[in-house]
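Me: Please take a close look at the salt bridges in this model. Which residues pair, and where do they sit?

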Amino acid sequence: MKRLFLVLTVAVVTTFGANMAAASEDRQDLFVVVTSPEPQTQGMAMVLSIQALKQGARVEMLLCGPGGDLALKDAAQTTLKPRGVTPQGMLTTLIGMGVKPQVCALYLPNENKSPADLIEGVTVAQPPAIAAALLAEDTKLFTF
């Protein structure tokens with residue numbers, strides 16, 4: 001009886017481990033582009049990015065045009081129901097989870113801003129790196 005229990009335990013652990021390894025190999029890369037000026041749309045981009053991270057995806061984020069405003073230290077903040085959070089607050093949560101958001105290369109010069117105007121953790125995108133990330137196999141593109 002003990003031997004049967006041991007064999008079953010080893011089988012379950014081995015199967016579970018194999019499934020975990022397969023799941024990590026099947027990880028999706030998610031590339032999120034935020035251009036919308038609408039706080040609810042920006043917020044949903046952040047919510048879905050957070051959920052994707054929690055489910056094992058790797059998330060990259062590009063903020064362009066009005067979406068780039070999210071990354072400014074002095075950005076106007078709109079609190080969203082039901083949790084009382086702002087899109088920028090959720091962006092900082094994503095940064096804390098390891099995401100490295102970038103503003104598009106055209107954003108700062110066209111807004112008369114500099115990298116010093118960005119919140120901590122946001123950088124300026126390099127177009128060749130962005131193109132490579134978008135073209136990578138298994139990358140899913142979400143635009144908001």
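**Salt bridges up close**

Reply: Asp-29, Arg-58 and Glu-60 form a linked network of salt bridges. The model is predicted. Searching the whole structure gives three salt bridges.

Start with the network. Arg-58 pairs with Asp-29, and their closest N and O atoms are 3.3 Å apart. Asp-29 belongs to strand β1 (residues 29-34) and Arg-58 to strand β2 (residues 58-63), so this salt bridge ties together parts 29 residues apart in sequence. Arg-58 also forms a salt bridge with Glu-60. There the closest N and O atoms lie 2.9 Å apart. Arg-58 thus takes part in the bridge to Asp-29 and in the bridge to Glu-60.

Now the surroundings of the first pair. Asp-29 has a relative accessible area of 13%, so it counts as buried, the cut-off being under 20%. Arg-58 is partly exposed, at 37% relative accessibility.

Next, the salt bridge outside this network. Lys-113 pairs with Asp-74, with 3.8 Å between the closest N and O atoms. That value falls within the 4 Å limit for a salt bridge. Lys-113 sits in the loop between α4 (107-110) and β4 (123-124). Asp-74 sits in the loop between β2 and α3 (87-96). The two residues are 39 apart, and the pair links distant parts of the chain. Lys-113 is partly exposed, with 28% relative accessibility. Asp-74 has a relative accessible area of 57%, so it counts as exposed, the cut-off being over 50%.

Terms used:
Residues numbered from 1 in each chain as written. Predicted model: local features only at pLDDT ≥ 70, side-chain atom pairs only at ≥ 80, totals over all residues. Heavy atoms only, no water. Salt bridge = Lys/Arg side-chain N within 4 Å of Asp/Glu carboxyl O. Helix = DSSP H or I, 4+ residues; strand = E, 2+ residues; numbered from the N terminus. Buried < 20%, exposed > 50% of the residue type's maximum accessible area, 1.4 Å probe, protein only.
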